[in-house]
Amino acid sequence: MASEKIKAKRAFIKDTFVNREYSWLLFNKRVLDQAADETNPILERAKFLGIFASNLDEFFMVRVGSLYNEAAANPEGRDNKTGLTSQKQLDGICQVVGELYEDRADCFSALAKDLALCGVRLVRASQLSSRQLKECQKIFRLNILPQLSIMVLDAKHPMMQFENKRNYMLYDLAKGDRSMIGVMALNENLNKLYRVGTGDAVRLIALEEVIRACGASAFTGYDVKDSLLVRCTRNADFDTYIDDADMETDFSQLMKKKVASRARMNIVRVEVDSDASKLKDFVLKLVKVDLKYCFTDKRFFDYKFLFQLDRYLPEDVAARLKYGPFKGRVDEEYSSGSMIETVLSHDVFMSYPYDAMTPLETLLDECSRDERVSAISITIYRLAHHSRIADLLCRASENGKMVTVVIELCARFDEENNMYFARKLQEAGCTIIYGMENYKVHSKIISIVLNDGDDVRYITHLGTGNYNESTSKQYTDLNIITSDRQIGEDGAAFFRNISICNTEYRYNRLLVAPETLKSGLIGYIDREIAKGGDGYILAKMNSLTDKAIIDKLCEASCAGVKVELIIRGICCILPEVPGKTENISVISVVGRFLEHSRVYSFGKGRDRVTYISSADLMTRNVDKRVEIAAPVLDRGIEERILKILRVMLSDNVKARRLCADGKYRKVEKGESPLDAQDYLLKHKI
């Protein structure tokens with residue numbers, strides 16, 4: 001078995017390439033490492049474990065689901081970097097994920113022990129005292145049982161449907177000489193945790209453990225021989241099937257049907273809490289899933305309850321076990337006077353979450369009332385559930401401004417939220433455009449047009465992240481608000497082109513995918529290649545997968561160009577390979593905040609050109625989406641951005657370096673440990 005796992009890992013690396021799926025799994029392992037990192041506050045470690053589990057769920061729904069579709073549609077199709085077929089990738093994924101389940105179990109055991117040292121005990125069903133068991137039985141009878149769906153599979157009810165990511169407890173039942181299967185579907189609205197016992201220690205038992213301890217009592221009159229907790233994950237990848245819309249179709253209604261279809265798509269993973277139960281064989285036969293797609297975790301599957309631990313602690317105690325509070329900065333200049341006048345006088349820069357989103361909200365608020373503002377256009381990909389941005393757009397429209405909202409209904413897992421806001425904005429009088437045919441609109445841009453006397457002036461916001469107040473406090477993103485005329489004209493033209501589904505347009509300053517972003521960035525790489533050893537490239541992104549760009553970066557390395565990459569997640573280039581990528585370095589930073597900004601910088605000194613972008617260097621972004629890369633025109637802002645990147649390159653606490661063998665290793669700390677995110681919280685750049 002060990003040799004098979006080693007073989008599977010080796011197959012994911014070929015020459016200077018790393019398989020995309022394997023690289024993502026390595027990223028999620030780095031998330032799990034933060035759950036095990038004892039330098040992190042204990043409740044934050046618990047959240048990292050919950051995030052790891054949630055990430056893995058989405059990986060199976062989307063990436064494994066996509067590979068499942070590809071394997072069925074084109075069995076001989078191969079990954080263009082490692083030559084693996086979709087099925088070979090699926091086989092390798094199952095091997096690696098099996099290890100991750102073991103790592104997760106070990107991590108949780110260590111976490112539970114450390115929580116106990118802090119006065120929080122997570123009680124298992126097998127550990128309940130007689131008094132605690134009676135307490136759980138009461139909780140089960142009064143609070144849980146009335147909200148459960150229970151049935152017995154027999155001649156009249158021979159089948160069942162496993163809903164996506166819902167927990168089920170199955171029971172092997174006997175009544176006389178008859179054998180049956182009992183099914184208990186857990187209600188997603190139930191509390192995830194229950195407090196038991198008294199005293200200073202906080203003793204908590206998860207819903208799953210209550211079910212393990214008391215669930216059998218629901219099957220009155222039956223002998224319960226065995227039980228098995230089960231969860232199935234269904235394929236959620238339907239992007240490739242959004243091709244049946246036409247001019248007579250309401251696209252929002254089509255999306256509703258597509259979202260609903262997720263509940264019926266094929267199962268790509270089964271999770272069970274025991275390998276010994278014969279009920280496991282029953283489940284796999286019922287859902288027609290191969291054994292290799294079945295994984296065992298004897299505790300939990302989703303670990304959502306870990307996000308709720310602080311609710312059961314005194315506020316002062318919980319505060320000591322979490323990251324210290326912080327509030328995003330707002331420059332004094334932006335908190336008084338007119339934001340419109342400020343932007344008209346000079347460019348404004350904000351670095352989330354270290355800077356607050358407040359100046360942008362203030363600008364939109366002012367624009368909703370200013371008589372000079374005639375039009376506001378914005379792209380929306382993901383909004384907060386309670387969005388002030390949406391409220392301000394509604395107010396602007398109600399005040400007579402022409403408001404155009406390009407809202408992407410295909411933003412995965414945010415489709416329903418976006419459909420809600422599309423209706424709300426439309427009811428307020430906004431013009432709603434549902435993206436572009438065949439392309440997701442992932443750009444982050446606001447175009448504001450002002451009638452200033454006889455002159456038309458522009459204010460343009462360009463960013464690397466969503467217009468989402470919630471994630472702006474958790475994700476690192478860069479924002480520039482400018483009154484540059486050429487960028488303003490580009491922004492206005494961008495929205496005109498979106499409205500007529502035109503991607504074949506050359507902008508003055510903006511690089512826009514799918515037409516010019518990829519070729520533009522490759523052109524800058526070529527410029528550095530021409531400089532040889534004097535060339536320099538510094539880039540930060542979430543993911544790098546596009547083969548053409550990877551090939552070009554390899555060419556740059558061979559030409560002597562120094563290439564420094566900061567890549568949080570997927571990285572399909574293998575650095576430090578002698579004679580091929582020896583001039584390329586890659587670090588990944590996983591920490592308190594999710595690194596989300598994208599920066600592409602070429603050259604040094606006065607020759608330097610820097611872009612911020614909504615796009616990662618993935619084929620889906622540069623070829624199949626509408627994305628924007630915007631030049632940083634203000635030299636002072638450019639230097640601030642590059643200083644942020646230099647701080648990240650100096651990180652020797654959270655940073656991990658990708659090595660030529662495909663492994664991520666800790667960076668040597670030396671005498672002065674530096675956590676980049678902590679530094680940026682404490683120092684204004």
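**Exercises on a predicted model**

Lys288 is placed in the loop between helix H8 (279-287) and strand E11 (294-296); helices (H or I, at least four residues) and strands (E, at least two) are DSSP runs, numbered from the N terminus. The model is predicted: local features need pLDDT of at least 70, side-chain atom pairs count only at pLDDT 80 or more, and totals for chains, interfaces and linings use all residues. Residues are numbered from 1 along each chain as its sequence is written, and side-chain values use heavy atoms, with hydrogens and water left out.

**Exercise 1.** Determine the sign of phi at Lys288 and state whether Lys288 is buried or exposed.

*Solution.* Step 1: most residues other than glycine have a negative phi. Step 2: Lys288 is not a glycine, yet its phi is positive, about 60°. Step 3: Lys288 has 73% relative accessibility and therefore counts as exposed (buried means under 20% relative accessible area, exposed over 50%, partly exposed in between; 1.4 Å probe, protein chains only).

**Exercise 2.** Carry out the analysis of phi and accessibility for Glu576.

*Solution.* Step 1: Glu576 lies in the loop between strand E22 (562-567) and strand E23 (584-589). Step 2: although Glu576 is not a glycine, its phi is positive, about 65°. Step 3: with 25% relative accessibility, Glu576 counts as partly exposed.

**Exercise 3.** Locate the cis peptide bonds that precede Pro353 and Pro514.

*Solution.* Step 1: most peptide bonds are trans. Step 2: Tyr352 and Pro353 are joined by a cis peptide bond with omega of about -5°; Pro353 sits in the loop between strand E12 (348-352) and helix H12 (358-369). Step 3: a cis peptide bond with omega of about 10° links Ala513 to Pro514, and Pro514 belongs to the loop between strand E20 (511-513) and helix H16 (517-531).

**Exercise 4.** How many disulfides does the structure hold, and why is Cys136 not bonded to Cys214?

*Solution.* Step 1: a disulfide is a pair of cysteine sulfur atoms within 2.5 Å. Step 2: the structure holds 0 disulfides. Step 3: the closest cysteine sulfur to that of Cys136 is in Cys214, at 5.5 Å, which is too far for a bond. Step 4: Cys136 counts as buried, at 0% relative accessibility. Step 5: Cys367 is in no disulfide either, as the nearest cysteine sulfur, in Cys430, is 14 Å away. Step 6: Cys367 also counts as buried, at 0% relative accessibility.
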